[in-house]
Amino acid sequence: MTTVTAPLVDIQTCPQDVPSVPPWFAELILLSHHLTQRGVLDAIAQQVRLGRGRAGIYDVIDFVAILLGYALSSEPTLDAFFERLRPFAGPFMALFGRDQVPHRSTLSRFLADVDGGTKIVVAGIVLTTACRPAAGALLDFWHTDDNGDYDNEGYRLRGHLFADATGAYRLETIVPAVYPGRTRHIHVKVQAEGGPVLTTQLYFPGEAENERDDLFHAELVMNVRNVADGKAATFNFVVAA
Ligand SMILES: [Fe+2]
């Protein structure tokens, strides 16, 4: 860093790139001021006790701040919004009188709560046909909500994630409801880095409709067990790399 000092002005130059302020930030400042003046933020903050326990260390107002920011931002996905927000997380949360951005996975759990339905964590490993972990494999999931409806206009209950270096993945969502003509299922595309895309569906054990659904395959049934706050499912994928 170079510092030039003049009697009235300090000029500092820094070799690192400084990320530009997102264009939607000014609009957010106006909105947060408006909501503060109208007492809306205080009213939401009163819900804190309801949110605790389910939301962990965060309060409902933290999630509301994120969702307001996302709605205003026009960023294509929540992930894109989080990425854009990262350098400005402190000032952003300060607009709402808060200091910590909720973790991405905590937000997923919160949204599952908002959606209603039974929580489910689907986890497992993506392996290559050579039985090696497909590190960084892409998994793209979509399924119906608690009423059996797909979000065909936005991205609710649709999203992708990446397996970690050991090929492990973890999806936190809700159990999809059945819709006419199909048994209960979760759609998924899986792709090892540089490999072809596998498009398939995951099924639930013990569903009455499994036998009547022509698309159903027994080898695609997840292991599902009941846990304290919903269900935990496991499924391992094997894909070409
Ligand atoms: Fe479907």
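Start by selecting residues 119–128 and 230–234: these are strand S3 and strand S10, and they pair in the parallel sense over four bridges. Strands here are DSSP runs of E with at least two residues, helices are runs of H or I with at least four, and both are numbered from the N terminus. Two strands pair if DSSP finds at least two bridges between them. What you have open is a predicted model, where local features need pLDDT of at least 70 and side-chain atom pairs count only at pLDDT 80 or more, while totals for chains, interfaces and linings use all residues. Residues are numbered from 1 along each chain as its sequence is written.

Now click on Val121. Which residue is its bridge partner in S10? That is Ala232. Keep Ala232 selected and add strand S9 (223–227), where Arg225 stands opposite Ala232. S9 and S10 run antiparallel, joined by five bridges, and they form a hairpin with two residues between them.

**Back along the chain to Glu207**

Next, select Glu207, in the loop between S8 and S9. Buried or exposed? Glu207 is partly exposed, because 16 other C-beta atoms lie within 10 Å. The cut-offs, with C-beta atoms placed from the backbone, are 20 or more other C-beta atoms within 10 Å for buried, 12 or fewer for exposed, and anything in between for partly exposed. Show Arg184 too: Glu207 and Arg184 are 23 residues apart in sequence and 7.3 Å apart in space, C-alpha to C-alpha. Leaving out residues up to four places away in sequence, Glu207 touches Thr183 and Arg184. A contact means that the two C-beta atoms, placed from the backbone, lie within 7 Å.

While you're in the area, pick Gly181, in the loop between strand S6 (168–174) and S7. Gly181 counts as exposed because it has 10 C-beta neighbours inside 10 Å. Draw a distance from Gly181 to Arg212 and you should get 8.6 Å, C-alpha to C-alpha, for a pair 31 residues apart in sequence.

**The four-stranded sheet**

Colour S5, S4, S7 and S8 next. They make an open sheet of four strands in the order S5-S4-S7-S8, with antiparallel pairing. Strand S5 (158–162) and strand S8 (198–203) are the edge strands, each pairing on one side only. From one strand to the next, the twist averages 25 degrees; angles run from 0 to 180 degrees between N-to-C directions, and axes are lines fitted to C-alpha atoms, for helices over the stretch in contact.

Zoom in on strand S4 (residues 138–142) and strand S7 (residues 185–191), which pair antiparallel over five bridges. Leu139 is a handy landmark, standing opposite Val190 in S7.

Then step into the loop between S4 and S5 and select Leu157. Its phi is near 60 degrees, a positive value in a residue other than glycine. Leu157 counts as buried because there are 22 C-beta neighbours inside 10 Å.

**Over to helix H4**

Select residues 60–73, which is helix H4. Its 14 residues reach 20 Å from first C-alpha to last, close to the 20 Å expected at 1.5 Å a residue (the expected span is 1.5 Å times one less than the number of residues). Show the buried positions of H4, among them Val60, Ile61, Phe63 and Gly69.

Bring in helix H1 (residues 25–37): the H1 and H4 axes come within 10 Å and cross at roughly 135 degrees. H1 and H4 are therefore oblique to each other; under 35 degrees would be roughly parallel, over 145 roughly antiparallel and 65 to 115 roughly perpendicular, with the rest oblique. Glu27, Leu28 and Leu31 of H1 make the contact with Leu68, Gly69 and Leu72 of H4.

Swap H1 for helix H5 (residues 78–85), which packs against H4 at an angle of about 100 degrees, with the axes 10 Å apart. H4 and H5 are therefore roughly perpendicular. Here Gly69, Tyr70 and Ser73 in H4 meet Leu78, Phe81, Arg84 and Leu85 in H5.

Last residue: Ser74, in the loop between H4 and H5. Ser74 has a positive phi of about 60 degrees although it is not a glycine. Ser74 is exposed, because 11 other C-beta atoms lie within 10 Å.

**Zoom out**

Show the whole protein to finish: seven helices and 11 strands, with buried residues making up 25% of the 241 residues.
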